[in-house]
Amino acid sequence: MTKMYFQNLTRDLQQAGICTPTLVIDKERLDRNIDHLIDVLNRGFDYRIVAKSLPSVPLLQYIMRRTGTQRLMSFHLPFLMHLVEHIPAADVLMGKPMPIAAVRHFYQWHSQQTSSMCFAPELQLQWLIDSNERLQQYAALAQELNLRLRINLEIDVGLHRGGFQPDELFVRALKTIAASPLLTLSGLMGYEAHISKIPAFLGGSEKALEQAKNSYRQFTTLITDTLGSDALEGLCLNTGGSSTYPLYEQDSIGLVNEIATASALVKPTDFDVFTLEHHQPAVFIAAPVLKVVKDPEIPMASGLSRLLRVFGRLPHQACFIYGGNWLAQPCYPAPCQRASIFGHSSNQELYELPDGHDIKPDDYLFFRPTQSESVFLQFGNIALYEQGRISEWWPVFSYPDKFPPTSQLQSLPGTETLNA
């Protein structure tokens with residue numbers, strides 16, 4: 001990212017009249033990152049978009065069109081409801097186990113909606129299960145409400161964040177699902193974000209990837225041993241993440257068939273890893289500069305401030321920006337860092353500027369988010385930047401107007417004959 005890039009972006013944002021902190025996506029950079037993803041998908045994998053990392057319906061729909069997928073992963077009950085309302089054709093896999101009360105809430109809400117009735121949970125939604133205790137809860141709710149539930153089992157392939165081990169408890173879960181007329185095994189999910197972070201003295205990413213594949217293979221072997229040789233047919237065998245998806249080659253086919261990623265497409269700073277060196281940062285925060293300050297001082301300590309400035313502990317130039325205290329790192333002008341004089345501020349945060357800068361009030365300080373999932377939701381509509389202008393504004397996820405009440409459910413309409 002060059003100085004000229006940000007100077008041009010400044011000019012174009014000013015022409016668009018942007019005067020508050022704004023999240024900007026560079027569409028051309030996004031497209032190039034999607035092209036890199038498609039290169040991996042062409043090795044033989046289906047693609048599931050991690051919706052929490054790109055929480056905007058138009059953004060998701062754009063990537064769905066570019067990649068030819070209808071598969072989404074959701075991590076938050078209100079956002080699952082938002083997806084069902086706005087992308088009812090999606091196939092949704094839950095990315096973490098939901099409390100049983102959340103599952104109950106979802107079906108109560110869905111039964112009361114007219115706009116989302118074209119979404120069929122029994123065909124389009126996979127609930128993630130991490131233990132036999134949770135599986136029993138879901139089975140009991142399915143019996144109580146006469147529901148058909150698709151169950152995806154969370155498996156531990158080395159991250160050690162929970163989920164099944166390849167042992168008798170996993171086999172028990174398989175048998176429980178097979179014995180139930182209301183539960184269906186839909187697949188496995190083995191998240192392995194640790195792979196790109198394993199240091200060389202522990203074997204590095206190559207060894208971690210091989211161990212993850214071997215672990216995954218143990219689970220699929222247990223499925224065929226328990227349920228029959230054709231039991232894997234049609235299952236969603238999900239793995240991958242933004243920092244690991246490029247590592248999967250054709251020799252993985254037959255072991256996993258679906259890769260999930262999303263953050264890699266915009267590349268926040270947390271994803272500045274060797275596996276994504278070919279990706280470009282595609283999302284920035286543009287924060288208007290309110291005040292440029294020469295020789296900023298510690299309150300009531302002008303002499304100490306001069307002394308600290310001599311020793312390089314205080315800057316000669318700084319600026320106050322509109323807002324601040326985001327999960328983000330300043331990237332222009334460079335070098336630039338948060339000034340420690342006043343501490344953090346979400347109102348007017350102070351940033352040190354390099355000597356010789358040309359930043360003035362009403363310009364912008366630019367940041368790269370450290371992550372996308374929470375940062376995207378803090379700025380309102382996303383500004384889509386392409387060909388030197390803001391071409392569109394894409395809204396981010398919102399919460400439903402009414403969250404479901406906690407009243408008890410009866411059998412849902414249309415399910416009376418499921419047990420007949």
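How many bridges join strand β5 to strand β6? Read on to the second legend for that one; every view here comes from a predicted model.

**View 1. The closed barrel.**
Eight strands close up into a barrel in the order β2-β3-β4-β5-β6-β7-β8-β9, and the pairing is parallel. If you compare neighbouring strands of this sheet, they are turned by 30° against each other on average, direction ignored. As a reminder, strands of a sheet pair through backbone hydrogen bonds, either parallel or antiparallel.

**View 2. Strands β5 and β6, side by side.**
Here's the pair from the opening question: β5 covers residues 125–129, β6 covers residues 149–154, and four bridges join the two. They run parallel. To get your bearings, look for Gln126, which stands opposite Arg150 in β6.

**View 3. From β2 over α3 to β3.**
Strand β2 (residues 46–50) and strand β3 (residues 71–74) run parallel and are joined by three bridges. A handy landmark is Ile49, which has Leu72 of β3 standing opposite. Between the two strands the chain passes through α3, and the resulting β-α-β crossover is right-handed. Helix α3 itself lies across β2 and β3, running at about 170° to β2. What does that make α3 relative to β2 in plain numbers? Just the angle of about 170°.

**View 4. The next step, from β3 to β4.**
Follow the chain onward and you meet another right-handed β-α-β unit, made of β3, helix α4 (residues 77–86) and β4. Strand β4 takes in residues 91–94; β3 and β4 run parallel, with four bridges joining them. Leu72 turns up again in this view, standing opposite Val92 in β4.

**View 5. Helix α2 against helix α3.**
Helix α2 (residues 27–41) packs on helix α3 (residues 57–67) at an angle of about 45°, and their axes are 10 Å apart. That angle is why α2 and α3 are described as oblique to each other. The crossing of the two is right-handed. On the α2 side, the contact is made by Lys27, Leu30, Asp31, Ile34, Asp35, Leu37, Ile38 and Leu41. From α3 come Leu59, Tyr62, Ile63, Arg66 and Thr67. Sort the residues of the α2 and α3 contact by class and you get eight nonpolar, one polar and four charged.

**View 6. Helix α7 alongside helix α8.**
The axes of α7 and α8 come within 10 Å and cross at roughly 10°. Angles under 35 degrees count as roughly parallel, so α7 and α8 are roughly parallel to each other. Helix α7 brings Asn132, Leu135 and Gln136 to the contact, while α8 supplies Leu169, Arg172, Ala173, Thr176 and Ile177. The class count for α7 with α8 is four nonpolar, three polar and one charged.

**View 7. Helix α8 meeting helix α9.**
Now α8 (residues 168–179) with another partner, α9 (residues 204–227): the axes of the two come within 10 Å and cross at roughly 45°. Because of that angle, α8 is oblique to α9. This crossing is right-handed. Look for Phe170, Val171, Leu174, Lys175 and Ala178 in α8, which meet Phe219, Leu222, Ile223, Thr226 and Leu227 in α9. By class, the contact of α8 with α9 holds eight nonpolar residues, one polar and one charged.

**View 8. Backbone oddities in two loops.**
Where do the cis peptide bonds with prolines sit? Pro333 is found in the loop between β12 (328–332) and β13 (337–338), and Pro335 also lies in the loop between β12 and β13. The bond joining Tyr332 and Pro333 is cis, with omega at about -5°. The peptide bond from Ala334 to Pro335 is cis too, with omega near -5°. Then hop over to the loop between α7 (132–145) and β6, where you'll find Asn146. Phi of Asn146 is near 60°, a positive value in a residue other than glycine.

Key: Residues numbered from 1 in each chain as written. Predicted model: local features only at pLDDT ≥ 70, side-chain atom pairs only at ≥ 80, totals over all residues. Heavy atoms only, no water. Axes fitted to C-alpha atoms, helices over the stretch in contact; angles between N-to-C directions. Parallel < 35°, antiparallel > 145°, perpendicular 65-115°, else oblique. Left-handed = near helix turned anticlockwise from the far one by under 90°. Contact = heavy atoms within 4.5 Å. Nonpolar A, V, L, I, M, F, W, Y, C, P; charged D, E, K, R; others polar. Pairing = 2+ DSSP bridges. Right-handed = clockwise from strand over helix to strand, strands pointing away.
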